[in-house]
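Reader: Please take a close look at one part of this model for me: its empty space and the helices packed there. Keep it brisk.

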Amino acid sequence: MDESVVASFWGPVTSTTEHCEANYTHSSYFAEFYNTISNVPCILLALIGLINAVRQGFEKRFSALHLFNMILSIGSMLFHATLQIVLQQSDETPMVWEILLYVYVLYSPDWHYRSTMPTFLVFYGASFAVLHFFFRLGIMFKLHYIGLSLLCLPRMYKYYIQTKDHAAKRIAKLYVATILLASVFWVVDRAFCKKMNGWYINPQGHAWWHVLMGFNSYFANTFLMFCRAQQLGWDPRIERMFGFLPYVKIRKPDKKD
């Protein structure tokens with residue numbers, strides 16, 4: 001990375017990874033300024049999703065999903081602001097925990113032994129956190145995360161083909177489009193960093209990765225909430241907040257006396 005023009009408040013960089021943004025160019029409190037503030041939209045989207053899930057009485061797993069999105073974004077802000085190894089793990093470990101929660105949400109409706117899956121996933125997540133803290137898994141962390149993410153795709157596809165609602169299917173397509181576009185920004189940012197640092201304006205590919213993944217998580221959660229509401233017979237439909245942001249509105253059947 002380029003030499004900073006502002007003194008570091010947090011001391012020397014100790015993280016095992018940096019991104020294509022010069023350090024401490026805007027403030028002594030932000031090692032990577034754009035990579036830090038680009039998490040703000042992610043937090044706001046997760047907050048909107050959380051409010052909707054709680055207000056309409058969705059199962060607690062969906063509130064937990066939105067909360068984990070917020071926790072992950074806050075951890076990412078702390079990491080990019082400081083570039084300290086301990087706070088790097090506050091970004092990476094919640095990434096794995098969040099994917100494990102997605103595994104639970106996706107597969108639990110058809111899991112016949114209700115207590116075994118959450119027990120196993122909690123044990124798995126805690127074991128990973130301990131191993132990652134002591135051994136700093138590096139490339140193994142990335143491969144592990146990709147593997148868990150791929151585990152979710154067959155179930156997402158199953159829900160997609162079972163869904164007949166066109167508005168819900170569009171949200172699923174937005175989920176795919178945002179993760180593909182975000183991946184392009186991530187790869188370009190890593191592969192062409194030296195060249196882009198010579199440009200007059202750095203496009204800040206990793207910051208765009210954050211923003212797009214914030215929308216990706218929101219679309220994933222919204223689609224899963226729709227599918228779950230269908231399973232429970234809650235008559236879901238897709239509405240638009242502010243004229244563009246989709247959310248699920250449900251109508252629960254009246255309880256019989």
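Author: What follows goes from the largest pocket to the packing of one helix, then to the cavities.

This is a predicted model, in which local features need pLDDT of at least 70 and side-chain atom pairs count only at pLDDT 80 or more, while totals for chains, interfaces and linings use all residues. Residues are numbered from 1 along each chain as its sequence is written, and side-chain values use heavy atoms, leaving out hydrogens and water.

Start with the largest pocket, which holds about 1300 Å³ of space. A pocket is an open set of points on a 1 Å grid over the protein atoms alone, with protein on both sides within 12 Å along at least five of seven lines; a cavity is a set where a 1.4 Å probe fits but cannot get out; lining residues have an atom within 4 Å of a point. Volume is the space filled by probe spheres set on the points, which are joined across faces, edges and corners.

The largest pocket is lined by 50 residues, and Tyr145, Ser149, Ile179, Trp209 and Met213 are closest to its centre. Two or more lining residues come from each of helix 2 (40-55), helix 3 (60-82), helix 4 (85-107), helix 6 (139-162), helix 7 (166-191) and helix 9 (205-231). Helices (H or I, at least four residues) and strands (E, at least two) are DSSP runs, numbered from the N terminus. Helix 6 gives the most to this lining: 11 residues. By class, the pocket lining has 29 nonpolar, 15 polar and 6 charged residues. Ala, Val, Leu, Ile, Met, Phe, Trp, Tyr, Cys and Pro count as nonpolar; Asp, Glu, Lys and Arg as charged; the others, Gly among them, as polar.

Now the packing of helix 4. Its axis and that of helix 6 come within 10 Å and cross at roughly 25°. Helix 4 is therefore roughly parallel to helix 6. Axes are lines fitted to C-alpha atoms, for helices over the stretch in contact, with angles from 0 to 180 degrees between N-to-C directions. Under 35 degrees is roughly parallel, over 145 roughly antiparallel, 65 to 115 roughly perpendicular, and the rest oblique. The crossing of helix 4 past helix 6 is left-handed, that is, the near helix is turned anticlockwise from the far one by less than a right angle; clockwise is right-handed. In the contact (heavy atoms within 4.5 Å), helix 4 residues including Met95, Ile99 and Tyr102 meet helix 6 residues including Tyr145, Leu148 and Ser149. By class, this contact has 16 nonpolar, 2 polar and 2 charged residues.

Helix 5 (residues 116-135) also packs on helix 4: the axes come within 10 Å and cross at roughly 165°. These two helices are therefore roughly antiparallel. The crossing is right-handed. Trp97 and Tyr104 are among the helix 4 residues in this contact, and Tyr124 and Phe128 are among those of helix 5. The classes are 14 nonpolar, 4 polar and 1 charged.

Last, the cavities. The whole structure has 2 cavities of 30 Å³ or more. The largest cavity holds about 50 Å³. Its lining includes Arg61, Val105, Tyr159 and Arg228. Helix 9 gives the most to that lining, with 4 residues. The second largest cavity has about 40 Å³. Its lining includes Asn52, His66 and Tyr247, and has 5 nonpolar, 4 polar and no charged residues.
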